[in-house]
Amino acid sequence: MAKPILLSVDDDADVLRAIERDLRSQYGADYRVLGSGSPESALDLLKQLKLRSDSVALLLADQRMPRIDGVHFLQEAMRIYPEAKRALLTAYADTTAAIGAINQASIHYFFMKPWDPPTEHLYPQLDDLLEDWQASYHPAYSGIRVLGTRWSPRSYELRDFLARNHVPYQWIDAEISASDPETKLLLETLGPEATNLPVVLFPDGTKLLETTPAQVAQKVGLRTRAQTSFYDLAIIGGGPAGLAAAVYGASEGLHTVMVEREAPGGQAGMSSRIENYLGFPAGLSGGDLARRAVVQAQRFGVEILAAEASEVRTEGPYRIIKLADGSEFSCHALMIATGVQWRRLDAPGIDRLQGAGVYYGGGATEAISCAGETVYVIGGANSAGQAAMNFAKHAEKVFILVRGSSLSSTMSQYLIDQIKETPKIQVWAHASVAEVHGETHLEEISVLCSDTGKIERVPGNAVFIFIGALPRTDWLAGVVERDDRGFLLTGPDLIVNGERPKGWTLERDPYLLETNVPGIFAVGDVRHGSVKRVASGVGEGSVAVQFIHQYLSKVQ
Ligand SMILES: Cc1cc2nc3c(=O)[nH]c(=O)nc-3n(C[C@H](O)[C@H](O)[C@H](O)COP(=O)(O)OP(=O)(O)OC[C@H]3O[C@@H](n4cnc5c(N)ncnc54)[C@H](O)[C@@H]3O)c2cc1C
């Protein structure tokens, strides 16, 4: 953590040098000593320090300065750092003014120039002031801060990105905490830039306005470009299947890179509690599973890129991957583990309010924000049930909207039992979303009740959609064979009437998890016929590595 600051301000360069020297020699071990030649530049400096969340313990200003005198400077500075101790440096002739300032301008002390010897005329008094300051000093939060508004889709996107990548940050809601002096000051310091929220503030004093997760990724040190141009194994997708492949591949000596466009963990990362993963009798959160897997992969030297793969092509034995930023790298074996993404809900208002009360998936960052609110979970599968249980910890009321007459045909019995025992959750059967309403954020939902044929319009703060998922594999079209829903065909699924896939030139059949392109494998939920479970994704990811070894032993 950065040391607190002692700032002295004097337009006389010799006096400034002398006071800085004396402060540094006595307090340099515990404080950072800064000096400024004018009150104007000192005020600018204080604003920058504020943006960086630095602490200021002492402001020491000369009384006689042109344009702004010491008292006025300290009064201005007090608005930025109200808790800092304030002291004046005065000449004998200004003593009366200084005494007046103590009473009228909340100044804590004044020192006479010259202060020699400092052991008598400076340090004892400063020791007192700094001791007082230390007693009530709470170090300011010194990490990344996101300043935005709850209903802004861009704020949501950034927070979700940081949370899912396990990057600690402080969220400041500019509306909710608008009356908080610190927030007010922050907004004031940002000036016209504050009209363009969200703003991401970094501990080094820099800020990103109108930014994207990719830019934040780069800034926080997540790698966005490949370090080298060639890998033995490249994996696209960092869900359970991709992570398992990464751990097994790298631990068995393959130079491995994994590309993940959102956050490692994939869908599993959204799960508040995975109850059926072997070896975790009390269940574990998807976030935890992902975090552990990432550490394990990194320990074996896997390079993890926060990037989106947008194109794949083959050049002889090389598989070339193009990322969305245009950069490319190549590999011998490529594994597609891109899973599935939520199906879109087609109802008026849904697209407009996405991120502003309407969310796809678990909305990990949103659960806590739903405290005391009414939440609607759309869908009847296990993912919806888990999410409802999670929201019930915070929300006032959770409705699960299902098209059918109950959850019994779509959800596991253990979840149905948990839901029954949670009074906050109510299952609304024969129900689907007809429309969502709200100007800047979700306010109401029109629910179509298929048993009565009526539409009920009800108030609601958030809608979380879990209505099944589809692979997004258009970017692989023309290279890798897909079924009519976009799932990738592998192994025996490629053999039709005893014929190998078109263009296949090898004298063997495609391996179990290999696509129609030799050396390109598909694992996990993205694969045609896969079992949509964490354990099966992990299983496929690790098994595929065995086929990759066989493939690599023959590749030229
Ligand atoms: C809320 C919820 C709860 C669940 N609970 C359970 C449970 O309790 N037990 C259980 O066994 N299963 C559960 N599942 C299912 C399980 O999570 C999935 O079966 C599993 O995550 C599939 O793993 P995967 O690696 O194949 O794909 P995903 O987990 O879908 O991961 C794919 C990854 O690829 C990335 N990606 C996609 N395209 C690209 C691209 N072009 N470039 C870069 N990256 C890309 C995505 O961002 C994603 O991170 C749950 C799912 C959800 C949504």
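**View A. Strand 13 meets strand 14 in this predicted model**. Start with strand 13, which covers residues 309–315, and follow the chain into strand 14, residues 318–323. The two strands are antiparallel partners, joined over 6 bridges. To find your bearings within the pair, look for V312, whose bridge partner in strand 14 is I321. The hairpin leaves 2 residues between the strands, and G316 there adopts a positive phi near 55°.

**View B. Strand 14 continues into a hairpin with strand 15**. Here strand 14 pairs with strand 15 (residues 328–336), again in the antiparallel sense, over 4 bridges. A handy landmark is I320, bridged to S330 of strand 15. This hairpin has 4 residues between its strands, and G326 in the turn shows a positive phi of about 95°.

**View C. Four strands make an open sheet**. Reading across the sheet, the order is 7-6-8-9, and the pairing is mixed. At the edges sit strand 7 (169–173) and strand 9 (207–209), each paired on one side only. From one strand to the next, the twist averages 15°.

**View D. Strand 6 and strand 8 pair within the sheet**. Strand 6 (residues 144–148) and strand 8 (residues 199–201) run antiparallel, with 3 bridges between them. If you would like a residue to anchor the view, try R145, which stands opposite L201 in strand 8.

**View E. Helix 8 lies across the four-stranded sheet**. Formed by residues 181–190, helix 8 lies across strand 6, strand 7, strand 8 and strand 9. Relative to strand 6, helix 8 runs at about 85°.

Key
Residues numbered from 1 in each chain as written. Predicted model: local features only at pLDDT ≥ 70, side-chain atom pairs only at ≥ 80, totals over all residues. Heavy atoms only, no water. Pairing = 2+ DSSP bridges. Axes fitted to C-alpha atoms, helices over the stretch in contact; angles between N-to-C directions. Contact = heavy atoms within 4.5 Å.
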